[in-house]
Amino acid sequence: MNLLTVLLQAPAAGGGSMMWIMLIAMFVIMYFFMIRPQNKKQKEIANFRKSLQVNQNVITAGGIHGTIKEITDDYIVLEIASNVKIKIDKNSIFADASAASNQSK
């Protein structure tokens, strides 16, 4: 009985290195296809928020389009209609895609 137990457990010892290789390969694939592009996108958004200017068209995270009228360290005053201004957290501001395409033309 002891010999049978030893023989059945022997193949499992050799497969352990293959498991580690597959685990490392999966992490490398996840890094290049998921983690790295996400970090790059976050850096682009952070650089955009640092370069915000007055009278620039932007979109909030809630989908409100407007023009920046005032910028502080923590928030932005956004004009969404004539004489209608709202105060928005700076982290919820994104680039207006239509304004970016108009500038490139």
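The bend at a residue is the angle between two axes, one fitted to the seven residues ending there and one to the seven starting there. Helix α2 (helices being DSSP runs of H or I of at least four residues, strands runs of E of at least two, numbered from the N terminus) has a kink of about 45°, centred on Tyr 31.

A quick word on the model: this is a prediction, where local features need pLDDT of at least 70 and side-chain atom pairs count only at pLDDT 80 or more, while totals for chains, interfaces and linings use all residues. Residues are numbered from 1 along each chain as its sequence is written, and side-chain values use heavy atoms, with hydrogens and water left out.

Back to α2. Its 35 residues should span 51 Å at 1.5 Å a residue, and the end C-alpha atoms are 49 Å apart, which agrees; the expected span is 1.5 Å times one less than the number of residues.

Now for the strands. The structure holds one salt bridge, meaning a side-chain nitrogen of Lys or Arg within 4 Å of a carboxyl oxygen of Asp or Glu. Glu 79 and Lys 69 form it, at 3.4 Å from N to O. These partners sit ten residues apart and link distant parts of the chain:

| Residue | Strand | Strand residues |
|---|---|---|
| Glu 79 | β3 | 75-81 |
| Lys 69 | β2 | 65-71 |

Lastly, Lys 90 lies in the loop between β4 (84-89) and β5 (93-95). Its C-alpha atom is 7.8 Å from that of Asp 73, 17 residues away along the chain. Leaving out residues up to four places away in sequence, Lys 90 has contacts (heavy atoms within 4.5 Å) with residues including Arg 49, Leu 52 and Asp 73.
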